[in-house]
Structures are given as structure tokens and as C-alpha cells.
Amino acid sequence: MFMAENSLKGRYAMVTGGSRGIGKEIALRFAAQGANIAISGRNEENLLETAQEIQKYGVDCLVLTVDMGKEEDVREMAKLALDYSPQWDI
């Protein structure tokens with residue numbers, strides 16, 4: 001089932017592994033629905049390419065270079081993502 005265009009307008013989504021593969025596709029689908037996106041992954045170059053694709057939908061994109069195997073990276077990612085928007089649905 002597909003959501004109506006802009007059904008997520010003004011909402012925020014955090015997508016880990018957003019630089020390629022399934023994570024990238026999820027991020028792009030959220031963006032197509034109007035959600036602002038925070039994407040994370042280890043490869044900054046790939047993340048920046050994905051961010052450019054996301055921004056074509058007219059939404060904001062926060063890029064977070066993170067190694068999910070490092071606790072300090074995960075904590076910093078969570079802090080930055082929460083600072084990105086007070087509107088997160090947690």
C-alpha cells in the first residue's frame with residue numbers, strides 16, 4: 001500500500017544505512033511523501049549523493065556519518081538527530 005503524496009509533510013524520519021540499498025530506498029520513499037530525513041551510514045560520499053536525491057523532493061536532509069558498531073557514534077547520532085527537530089515522534 002502506498003501513501004498519498006505529501007502525507008508525511010512536516011514529519012521527520014531517521015534512516016540508518018541510508019547511503020545505499022534498502023536504507024536509501026526507504027529514505028527516498030519517505031522524502032517522496034514529504035518527510036524531512038536524517039540519514040546515517042559510514043560512507044560520507046554515498047550519504048551526500050543520497051542527500052542530493054532526497055533534496056530534489058523539496059525536503060530537508062541531515063547527513064550523519066556514523067559507524068553503528070561504535071557506541072559513541074550512535075550516541076552522537078541520536079543527539080544530533082534529536083537536535084535536528086523537536087518534532088520527532090518518539
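The following questions and answers deal with the strands, helices and salt bridges of a predicted model.

This is a predicted model in which local features need pLDDT of at least 70 and side-chain atom pairs count only at pLDDT 80 or more, while totals for chains, interfaces and linings use all residues. Residues are numbered from 1 along each chain as its sequence is written, and side-chain values use heavy atoms, with hydrogens and water left out.

Reader: Which pattern does the protein chain follow when read along the sequence?
Author: Helices (H or I, at least four residues) and strands (E, at least two) are taken as DSSP runs, numbered from the N terminus. The protein chain has 3 helices and 3 strands. Read along the sequence, these elements give the pattern β-α-β-α-β-α.

Reader: What is the order of the strands in the open sheet?
Author: Two strands pair if DSSP finds at least two bridges between them. Strand 1 (residues 12–16) pairs with strand 2 in the parallel sense over 5 bridges, and strand 2 is joined to strand 3 (residues 61–65), also running parallel, by 5 bridges. The open sheet of 3 strands therefore has parallel pairing and the order 1-2-3.

Reader: Which strands stand at the edges of the sheet?
Author: The open sheet has the order 1-2-3. Each edge strand has a single partner strand, so one side of each is left without a neighbour in the sheet, and the strands at the edges are strand 1 and strand 3.

Reader: Which residue of strand 2 is the bridge partner of M14?
Author: Along strand 1 the side chains alternate, with A13 and V15 pointing to one face and buried (under 20% relative accessible area, where over 50% is exposed and anything in between partly exposed, with a 1.4 Å probe and protein chains only). Y12, M14 and T16 point to the other face and are not buried. T16 stands opposite S40 in strand 2, and the bridge partner of M14 in that strand is A38.

Reader: How many residues of strand 2 are buried?
Author: Both faces of strand 2 are covered, since N36, A38 and S40 on one side and I37, I39 and G41 on the other are all buried. Strand 2 (residues 36–41) is largely enclosed by the rest of the structure, because the number of its residues that are buried is 6 of the 6.

Reader: Which handedness does the β-α-β unit of strand 2, helix 2 and strand 3 have?
Author: A crossover is right-handed if, with the strands pointing away from the viewer, the path from the first strand over the helix to the second runs clockwise. Strand 1, helix 1 (residues 21–32) and strand 2 make a right-handed β-α-β unit. The unit of strand 2, helix 2 (residues 44–55) and strand 3 is likewise right-handed.

Reader: How far apart in sequence are the parts that K24 and E53 tie together?
Author: The side chains of K24 and E53 meet in a salt bridge (a side-chain nitrogen of Lys or Arg within 4 Å of a carboxyl oxygen of Asp or Glu) at 2.9 Å, N to O. K24 is buried, with a relative accessible area of 19%, whereas E53 is partly exposed at 29%. K24 lies in helix 1 and E53 in helix 2, so the pair ties together parts whose separation in sequence is 29 residues.

Reader: Which residue forms a salt bridge with R75?
Author: Helix 3 (residues 71–84) holds both partners, which are 4 residues apart and thus separated by about one helical turn. Both are exposed. The closest N and O atoms are 2.7 Å apart, and the partner of R75 is E71.
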